[in-house]
Amino acid sequence: MTADRCGDDLPEAAQPGAGEVTATVIVDAPAERVFAALLAWERQSDWIPFTRVRVVEGDGREGSLVEALTALGPTEIRDEMRVVRVDEPYEIGVVHCGSLLRGPGVLRCTPLARDRTQVVWHEWFHLPGGAAGRVAWPVIWPGSKLGLTRALRRFGRLVEQGRLP
């Protein structure tokens with residue numbers, strides 16, 4: 001995918017889709033440290049299984065293009081996203097703008113007492129396949145939620161252990 005396609009298509013891709021999934025974790029670390037770990041895009045490979053992440057364009061902040069390639073056996077899913085908002089240390093907004101994965105997403109950090117942080121990862125994907133995609137979503141959603149939750153828990157453990165960012 002080229003940056004031009006992502007840029008030209010961004011307003012349409014930024015509209016919330018019908019496939020919504022959320023995961024939440026409490027991390028025993030200050031929000032600034034948790035946020036820095038979330039913004040370390042290439043390190044997502046440490047906590048999202050079967051996935052390699054790289055910044056294709058920019059510095060990882062607003063305007064950057066980030067690519068995540070998830071491979072399981074011969075199957076690969078390429079997720080291209082534009083970083084549209086960085087409000088440090090509270091929120092990172094992205095728009096998934098690839099051919100398969102499309103829609104807005106947000107990673108939010110909420111500071112809590114005793115240097116703890118609540119992290120919420122929320123995605124609103126456009127469902128491919130028209131009516132068939134809408135019918136399939138209730139079957140796909142539990143696996144998506146489970147995978148997102150497990151990845152976020154692993155993220156939290158790595159931050160707490162000082163292994164991220």
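Is arginine 61 buried, exposed or partly exposed, and what is its relative accessibility? In this predicted model, arginine 61 counts as partly exposed, at a relative accessibility of 33%.

## Overall fold

The protein chain is made up of three helices and seven strands, and these elements follow the pattern α-β-α-β-β-β-β-β-β-α when read along the sequence. Of its 165 residues, 43% count as buried.

## Salt bridges

The structure holds 10 salt bridges, and three of the pairs are set out below with the distance between nitrogen and oxygen.

| Pair | N to O distance |
|---|---|
| Glutamate 12 and arginine 102 | 4.0 Å |
| Arginine 61 and glutamate 88 | 2.9 Å |
| Glutamate 67 and arginine 78 | 2.8 Å |

Glutamate 12 forms a salt bridge with arginine 102, with 4.0 Å between the closest N and O atoms. Because glutamate 12 lies in helix 1 (residues 3-13) and arginine 102 in strand 6 (residues 102-112), this pair ties together parts that are 90 residues apart in sequence. The two partners fall into separate classes of accessibility: glutamate 12 is exposed, with a relative accessible area of 51%, whereas arginine 102 is buried, with a relative accessible area of 10%. The value for glutamate 12 is called exposed because that class begins over 50%, and the value for arginine 102 is called buried because it lies under 20%.

Arginine 61, with which this report opened, has glutamate 88 as its salt-bridge partner, and their closest N and O atoms are 2.9 Å apart. The pair links distant parts of the chain, since arginine 61 sits in the loop between strand 2 and strand 3 (65-72) and glutamate 88 in the loop between strand 4 (75-87) and strand 5 (91-97), 27 residues apart. Glutamate 88, like arginine 61, is partly exposed, and its relative accessible area is 45%.

In the third pair of the table, the side chains of glutamate 67 and arginine 78 meet at 2.8 Å, N to O. Here glutamate 67 belongs to strand 3 and arginine 78 to strand 4, and the pair links these distant parts of the chain across 11 residues. Glutamate 67 is buried, with a relative accessible area of 10%, while arginine 78 counts as partly exposed at 38% relative accessibility. Beyond these pairs, salt bridges that share partners join Arg85, Asp87, Glu91 and Arg108 into one network.

A further acidic residue, glutamate 57, is found in strand 2 and counts as partly exposed at 32% relative accessibility. Glutamate 57 and arginine 82 are 25 residues apart in sequence, and their C-alpha atoms are 9.3 Å apart in space.

## Aromatic pairs

A search of the whole structure finds two aromatic pairs. Tryptophan 47 and tryptophan 121 form one that is edge-to-face, at 5.8 Å centre to centre and with 75° between the planes. Because tryptophan 47 lies in the loop between helix 2 (31-39) and strand 2 (51-57) and tryptophan 121 in strand 7 (residues 116-125), the pair ties together parts that are 74 residues apart in sequence. Tryptophan 47 counts as buried, at 1% relative accessibility, and tryptophan 121 is buried as well, with a relative accessible area of 11%.

Tryptophan 47 also pairs with phenylalanine 155: the ring centres are 4.7 Å apart and the planes stand at 55°, so this pair is tilted. The contact links distant parts of the chain, with tryptophan 47 in the loop between helix 2 and strand 2 and phenylalanine 155 in helix 3, 108 residues apart. Phenylalanine 155 is buried, as is tryptophan 47, and Trp47, Trp121 and Phe155 together form one aromatic cluster.

## A positive patch

On the surface, Arg150, Arg153, Arg154, Arg157 and Arg163 form a positive patch. Arginine 153, one of these residues, has its place in helix 3 (residues 130-160), the helix that also holds phenylalanine 155. In contrast to the buried phenylalanine 155, arginine 153 is partly exposed, with a relative accessible area of 47%.

Technical notes
Residues are numbered from 1 along each chain as its sequence is written. This is a predicted model: local features need pLDDT of at least 70, side-chain atom pairs count only at pLDDT 80 or more; totals for chains, interfaces and linings use all residues. Side-chain values use heavy atoms; hydrogens and water are left out. Patches are made of residues with over 30% relative accessible area and no salt bridge: like charges are joined within 9 Å, nonpolar side chains (Val, Leu, Ile, Met, Phe, Trp, Tyr) within 5 Å. Accessible areas come from the Shrake-Rupley method with a 1.4 Å probe; for residues, only the protein chains shown count as cover. Lys and Arg count as positive and Asp and Glu as negative; His and the chain ends are not counted. The place of a charge is taken as NZ of Lys, CZ of Arg, CG of Asp or CD of Glu. Helices (H or I, at least four residues) and strands (E, at least two) are DSSP runs, numbered from the N terminus. Buried means under 20% relative accessible area, exposed over 50%, partly exposed in between (1.4 Å probe, protein chains only). Rings of Phe, Tyr and Trp (its six-membered ring) pair if their centres lie within 6.5 Å; planes under 30 degrees apart count as stacked, over 60 as edge-to-face and the rest as tilted.
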